[in-house]
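Q: I'm new to reading structures and would like a close look at one single part. Could you pick a helix, walk me through it, and then show me a bit of what lies around it?

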Amino acid sequence: MPVDGLAQRVRGQMTPPAAVAASAVVIHGKAPPVSLAMPAYNCERYIAQAIESLLSQSYGDFEFVISDNASTDGTESICRHYAALDRRVRYVRRSENVGGPGNFRYVFSLCTGGYHKWSTADDHWHPEFLKEAVAVLQARPDVVLCYPRTRLIDAAGEKIEDYADDLALEQESARERWRALYRLIGLCNAHLGLLRREAMLKTRLIAGHPASDVDFLGEMALQGKFCVLPEIRFYRRYHPASSSWSRHDSSHQQAYYAPQASKRIGLDRWRRLSFRFGMLARGPLGVADRLVLAGDLLHQMRWDRAELVQELKGRFLPR
């Protein structure tokens, strides 16, 4: 069914608010091994399909937490509908928009599963993904992240292309996994795979600077290996409201990362570099490996020196 038709069908079947409130709490005899966490904001057109793709997974032992970032469209009513239908679903609504990264961190804090999956509200998943990913993490304690191959789709759900982002980081050395990640990564999809919560707790999660999802993967690469499933299981949607749209539009990015800020923070390259130096200081690395990777960052600074100087001028010199 087209995404617009699915959203309209769901809105036409809404449960009365009193019934929703009584059944929106997930109750389990024991904590489920998997947590699904969906940060959501103004996504009424797509969120029904996103939710249904997770509820229809062949592996069903999970909790499903949706954190609504103060949406102003029909997102809330759609989410409450599913919370009323399925006891695994818990809907939480924030009183103000804390930005995309803040909502990722918040919904993580509400989850308990040993395996964690963030899932965006405008994408959808093949029904076998969780089953396959859980099997990998159960069989391989050296793997901290398992994710599938990706198909890019447009606003209507039509295929754009199959995207080969082969981040199979199987190196034994944390240093070499870190280097390979930053050398190979293009679109950032892997953070939406299935991850070990214990490894995630050793990171800063999704921070507040641009490309912080990539740097989260950098921190995870220091913690362990990445495994890529061989089949397409992730359908990533490109549309004008998505965070990855208009990457060079500062107002679009500001609305995603820091909507409450009175003015643009800026210094994006400096903030990324600062975070990466901190990552190396915090990570499970020996002294020699820290020095080698810090040298890589210093080389990158030299390569980007013109842009770094321009950022400082734009921030501190009078206009």
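A: Let's start with a yardstick: the expected span of a helix is 1.5 Å times one less than its number of residues. Keep that in mind for helix H12, in what is a predicted model. H12 runs over residues 287-303, which makes 17 residues. From its first C-alpha to its last it reaches 24 Å, close to the 24 Å expected at 1.5 Å a residue.

Now, which residues of H12 are buried? They are Leu293, Ala294 and Leu297. Look down the axis of H12 and these buried residues fall within an arc of 105°, so they line one face of the helix. Here's some background that helps: an α-helix has 3.6 residues a turn, so residues three or four places apart point the same way.

Turn to the other side of H12 and you'll find exposed residues: Ala288, Leu291, Leu298, His299, Arg302 and Trp303. So what covers the buried ones? The cover includes two other helices, H7 (174-184) and H11 (268-282).

Next, slide along to the partner of H12, helix H13, which spans residues 305-316. The two helices pack at an angle of about 75°, and their axes are 5 Å apart. Angles of 65 to 115 degrees count as roughly perpendicular, and H12 and H13 are therefore roughly perpendicular to each other. On the H12 side, the contact is made by Met301, Arg302 and Trp303. H13 brings Arg305, Glu307 and Leu308 to it. Notice that Arg302 and Trp303 have turned up before, among the exposed residues of H12.

Let's follow the two covering helices a little further. Just ahead of H11 there is a loop, between helix H10 (250-257) and H11, and Leu267 lies in it. The phi of Leu267 is near 50°, a positive value in a residue other than glycine. That's worth a second look, as most residues other than glycine have a negative phi. Is Leu267 buried or exposed? With a relative accessible area of 18%, Leu267 falls under the 20% cut-off, so this leucine is buried.

A second leucine can be read in a similar way. Leu205 also has a positive phi, near 60°, and sits in the loop between helix H8 (197-200) and helix H9 (212-223). Leu205 is buried too, with a relative accessible area of 11%.

As for H7, the loop between H7 and strand E8 (194-196) holds Gly186. This glycine is partly exposed, at 46% relative accessible area. Gly186 and Val214 are 28 residues apart in sequence, and their C-alpha atoms are 9.2 Å apart in space. Another residue to check is Cys188, which counts as buried at 6% relative accessibility.

Speaking of cysteines, how many disulfides does the whole structure have? A search finds zero. Cys43, for instance, is in no disulfide, and the nearest cysteine sulfur, that of Cys79, is 6.4 Å away. A pair of sulfurs would have to be within 2.5 Å to count. Cys43 is buried as well, with a relative accessible area of 8%.

Finally, step back to see where H12 fits in. The protein has 13 helices and nine strands, and 51% of its 319 residues count as buried. Take the contacts between residues at least 6 apart in sequence: 77% of them join residues at least 24 apart.

Definitions and conventions. Residues numbered from 1 in each chain as written. Predicted model: local features only at pLDDT ≥ 70, side-chain atom pairs only at ≥ 80, totals over all residues. Heavy atoms only, no water. Helix = DSSP H or I, 4+ residues; strand = E, 2+ residues; numbered from the N terminus. Buried < 20%, exposed > 50% of the residue type's maximum accessible area, 1.4 Å probe, protein only. Arc of directions from axis to C-beta. Contact = heavy atoms within 4.5 Å. Axes fitted to C-alpha atoms, helices over the stretch in contact; angles between N-to-C directions. Parallel < 35°, antiparallel > 145°, perpendicular 65-115°, else oblique.
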